[in-house]
Amino acid sequence: MGLREPRALPGRMSVGSLLVAGGRGRCFPVPLRSSLFQALHSSCCWKKSAAPKKITPNAAFYDENTKEPGNALDKLFSSEQQASILHVLNTASNKELEAFRLLRGRKSVNIIEHREKFGPFQNLESLMNVPLFQYKTTIQVCNSILCPETGGKKRKFQDNRLLRKLIKPEIERERFKAVDSIVSIVFGTRRVAWAHVDRKLAVLDWQQNECCQLMKGTYISSVYLQEISSVISKMPKADFYVLEKIGFSVQNSSRFPVVLHFHIMEAMLYALLNKTFAQDGQHQVLSMNRNGVGKHFELMIGDTRTSGKELVKQFLSESVLKEQPRVVFPPEKIVLYRHMFSSTEQHRAEELYDSLLQAVAFYELAVFDTEP
């Protein structure tokens, strides 16, 4: 996707000079080399009846601060299991060792350095001569080498962790899976835009409102309440209301007015849209990381989010030209939305574009890819 013009948080009071948009672990390990895999396969992939049970350290065998509890370690694993573990420890590269969660960071480096200095490990006990390896840690590492987490479990853990970073507050996954429609809301210093999108990625409503009084004067609460209430009154009901969350980087006092404005807007939208929170304690309003959406659509240049205008324009065209477009614009509204889009092209109506992109990213990242 081509580069897009950098967004200065348009409509956000030439916020390009005032506001810096702030900014999603890693896939399950790359497969070990074939010889290493075969050695693990012979130990891990036995019939279930012969699969090794996870070894739990027995308090009678060791003191946690003891480095050498006799030959207890070798007694915990069969000769075949010991051979598989030692093969990994003696042949795996640093990258391959880091494929095991417990060996990431300094532990894998220490293994490589110990191997280069003293030669191959002759038994499991010798692993405790490596810095950071005590008896309990060594047992856990040996277990993880024999029975590493599956790629599916790893991916699920990774996806859940990324989702927690992307969307706040945390919501039960069952509620995400049951979503029928959302209203995606993006606000700036002069306008508020929203897109009402259902789980088929059909755009049911898409609007923006000018709010020219908000940044004037001294942040009068009654003015904010009046303006925001007027906008909310036009929004349809939905399962969730998703607000754009910008990571603020305040380096000087000149940005404080904009930062304060965004916090007031966010707080009021949370309060006014969470109408039943006091009764059931269920969040209906969520915040979605702006740069997380940008990464999903490849709109990032370094830490800077670029304009989504061309991508939205592409969605509009595909809705007419493709039989199964990524985003569906109802036939009776496509003319209206295309006209609305063309009328904003001369202005930086980024809130309008971003509200739609945020809705699509919410479904693709939080609803469709979330395991129950």
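Here are some friendly notes on the sheet, a pair of helices and a few unusual residues of this structure.

1. Before you start: this is a predicted model, where local features need pLDDT of at least 70, side-chain atom pairs count only at pLDDT 80 or more, and totals for chains, interfaces and linings use all residues. Residues are numbered from 1 along each chain as its sequence is written, and side-chain values use heavy atoms, with hydrogens and water left out.

2. Begin with the sheet. It is open, with 6 strands in the order 1-6-5-2-3-4 and mixed pairing. At its edges stand strand 1 and strand 4, each with a single partner strand, so one side of each has no neighbour in the sheet. Strands here are DSSP runs of E with at least two residues, helices are runs of H or I with at least four, and both are numbered from the N terminus. Two strands pair if DSSP finds at least two bridges between them. In general, strands of a sheet pair through backbone hydrogen bonds, either parallel or antiparallel.

3. Now look at strand 6 (285-289). How many of its residues are buried? The count is 5 of the 5, so strand 6 is largely enclosed by the rest of the structure. (Buried means under 20% relative accessible area, exposed over 50%, and partly exposed in between, using a 1.4 Å probe and protein chains only.) Val285, Ser287 and Asn289 point one way, while Leu286 and Met288 point the other way.

4. Follow the partners of strand 6. With strand 1 the pairing is antiparallel, over 2 bridges, and Ile167 has Met288 as its bridge partner. With strand 5 the pairing is parallel, over 5 bridges, and here Tyr241 is matched with Val285. Strand 5 (residues 240-245) is also joined to strand 2 (residues 181-187) by 4 bridges, again running parallel, with Ile185 opposite Leu243.

5. At the other edge, strand 3 (residues 191-198) and strand 4 (residues 203-210) run antiparallel and are joined by 7 bridges. Trp194 stands opposite Gln207. The two strands form a hairpin with 4 residues between them. Which residue in the turn has a positive phi? Look for Leu201, at about 60°. Leu201 is not a glycine, and it counts as buried because its relative accessibility is 6%.

6. Compare Glu298, in the loop between helix 12 (290-296) and strand 7 (300-301). Its phi is also positive, near 55°. Is Glu298 buried or exposed? Glu298 is exposed, with a relative accessible area of 57%.

7. Check the peptide bond between Lys168 and Pro169 too: it is cis, with omega about -10°. Pro169 sits in the loop between strand 1 (167-168) and helix 8 (173-177).

8. Finally, the helices. The axes of helix 3 (residues 79-91) and helix 6 come within 10 Å and cross at roughly 95°. (Axes are lines fitted to C-alpha atoms, for helices over the stretch in contact, and angles run from 0 to 180 degrees between N-to-C directions.) That makes the two helices roughly perpendicular, a label for angles of 65 to 115 degrees; under 35 is roughly parallel, over 145 roughly antiparallel, and the rest oblique. Residues in contact (heavy atoms within 4.5 Å) include Val88 and Leu89 in helix 3 and Ile145 in helix 6.
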